[in-house]
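Student: I would like to go through this model by asking why each label is applied, with every value set against its definition. Could we start from one residue and work from there?

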Amino acid sequence: MAASVARSQLTPLSRQITAKPSQSDQTPKCIVRFRPLNIPRRFNVTVKASINRNDEKIGGNNNKTAPALHPQSILDDDDDEEDAASKDSLNSLPRPLSSAQFSNFVSDGSRLRVAYQGVRGAYSESAAEKAYPNCEAVPCEQFDTAFEAVERWLVDRAVLPIENSLGGSIHRNYDLLLRHRLHIVGEVKFAVRHCLLANPGVKVEDLKRVLSHPQALAQCENTLTKLGLVREAVDDTAGAAKYVSFEQLKDTGAVASSSAAAIYGLNILAEDIQDDCDNVTRFLMLAREPIIPGTDRPFKTSIVFSLEEGPGVLFKALAVFALRQINLTKHFYVFLNQIESRPLRNQPLRSSDDNSGYFDYLFYVDFEASMADQKAQNALRHLKEFATFLRVLGSYPIDTTIVP
Ligand SMILES: O=C(O)C(=O)Cc1ccccc1
């Protein structure tokens, strides 16, 4: 297929994003590099505690099923005078995507360009294609490159893994969500099936080490321990396969997908080597604009907040949801995501905005309600009364295609 051949030659977008990906990439990059994913990073972004007024009325009135609402708009106090004064400038602002506008084509009819981290054959590429069928999946070297690619209009969306049923949350990507100003516009769950890959002629007994993404290595812990293989973490699963293939390694295998095996000419020595047969990864779809939350189907809302230290504050925060019968997401594979705290004592949060703040903890919560739902608006208004910082990362339809 001409399209897939062209795509296979794309070089992942690198940190210096200045142009579209080049069409030639024959040089295998040195990808063997350990990057711990679960160690809290120092935040060097400031996140404002109040909400951007300019955001407040974005959305217009084009939503038939729900009040036009920016997910964050409910967090500001009402102020009619200011509203009227800012109307003109607001009219010129870009409109958020409606949840009904899940078009996979951009306005000029071309395919939607979707950034993902990794090289061709990465699970993130499959997730991007599941999220946006017929999209043009654009490989990026790093997660922050994918964020930047969206921010600089090089691509239309980004899809990135956020948590696994086994490996837990990918904190690095939560950090990026905070440091950048993209909006979560959807989620996609993907059943990940890992294979042990090696060059043709290489047998399992020949292998001494195995390369893969840290999450993939964690998900295959038992199998790899039984095989006595030394594990080495690299940026993505398909990158591991590409490296093993290009270097023609005889003592090193890769944990990656069957499509990576096909793309890089590797043999599949073992299939389904993940420890948990229900190995599901949840990916987030990100865009420059939020979608207008609806009430026509099940929605989920992701927020991040911080609280003053004090007895019972977390209990109080969770009560704002419990009081209104709002479920926090409760599937086992999002256990860590329901509420995660990461010590950030004396570490400033900074963003492009001026306000800065010092927070002891950040709490991430996913709850099962749309921001178009009055009870969700009330819950967040209540939470805002005592939260020192609160940001709505997105309100988006729940992916119900995989029920673990
Ligand atoms: O490395 C990949 O292929 C990815 O897309 C990241 C990842 C790794 C392991 C499970 C799910 C996603």
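Tutor: Let us begin with Gln-325, whose place is in the loop between H10 and helix H11 (335-338); helices here are DSSP runs of H or I with at least four residues, strands are runs of E with at least two, and both are numbered from the N terminus. This is a predicted model, in which local features need pLDDT of at least 70 and side-chain atom pairs count only at pLDDT 80 or more, while totals for chains, interfaces and linings use all residues. Residues are numbered from 1 along each chain as its sequence is written, and side-chain values use heavy atoms, with hydrogens and water left out.

Student: Why is Gln-325 called exposed?

Tutor: The relative accessible area of Gln-325 is 63%, and the label exposed is given over 50%, whereas buried means under 20% and partly exposed lies in between, with a 1.4 Å probe and protein chains only. Gln-325 is therefore exposed.

Student: What makes the phi of Gln-325 worth a remark?

Tutor: Most residues other than glycine have a negative phi. Gln-325, which is not a glycine, has a positive phi near 55°. Asn-134 also has a positive value, near 70°; this residue is found in the loop between H3 and strand S3 (136-140) and is exposed, because its relative accessible area is 57%.

Student: Why is Gly-310 called partly exposed?

Tutor: Gly-310 sits in the loop between strand S14 (299-307) and helix H10 (313-322), and its relative accessible area of 36% falls between the two cut-offs, so the label is partly exposed. The C-alpha atom of Gly-310 is separated by 24 Å from that of Ile-326, 16 residues apart along the chain.

Student: How do you know that Ala-240 counts as buried?

Tutor: Ala-240 belongs to helix H8 (residues 237-246), and its relative accessibility is 0%, so it counts as buried. Its C-alpha atom is 9.7 Å in space from that of Ala-122, although the two are 118 residues apart in sequence. Thr-281, in strand S12, is buried as well because its relative accessibility is 4%. The C-alpha atoms of Thr-281 and Lys-189 are separated by 5.7 Å, with their positions 92 residues apart along the chain.

Student: What makes helix H5 mostly covered?

Tutor: In H5, residues 171-179, eight of the nine residues are buried, among them His-171, Arg-172 and Leu-178.

Student: What makes an empty region in this model a cavity?

Tutor: On a 1 Å grid over the protein atoms alone, a cavity is a set of points where a 1.4 Å probe fits but cannot get out, and its lining residues have an atom within 4 Å of a point. Grid points are joined across faces, edges and corners, and the volume is the space filled by probe spheres set on those points. Two cavities of 30 Å³ or more are present, and the largest has a volume of about 200 Å³. That cavity is lined by 18 residues, with Tyr-123, Ser-124, Pro-161, His-213 and Thr-237 nearest its centre.

Student: Which element gives the largest share of that lining?

Tutor: H6 does, with three residues.

Student: How do you know which residues surround the ligand?

Tutor: A residue is near a molecule if one of its heavy atoms lies within 4 Å of it; the residues around the ligand include Ala-122, Val-192, His-213, Asp-236 and Thr-281.

Student: What makes a pair of atoms a polar contact?

Tutor: The pair must be N or O atoms within 3.5 Å; within protein, one must be able to donate a hydrogen and the other to accept it, and residues adjacent in sequence count only if both atoms are side-chain atoms. A backbone N or O atom of Tyr-123 is 2.9 Å from an oxygen atom of the ligand, while polar side-chain atoms of Ser-124, at 2.6 Å, and of Thr-237, at 2.5 Å, also lie by a ligand oxygen. The protein covers 100% of the 320 Å² of accessible area that the ligand has on its own, as computed by the Shrake-Rupley method with a 1.4 Å probe.

Student: Why does His-213 count as buried?

Tutor: His-213, in the loop between strand S8 (209-212) and H6, has a relative accessibility of 11% and therefore counts as buried. A polar atom of its side chain lies 3.0 Å from the backbone nitrogen of Gln-215.

Definitions and conventions: On a 1 Å grid over the protein atoms alone, a cavity is a set of points where a 1.4 Å probe fits but cannot get out, and a pocket is an open set with protein on both sides within 12 Å along at least five of seven lines; lining residues have an atom within 4 Å of a point.
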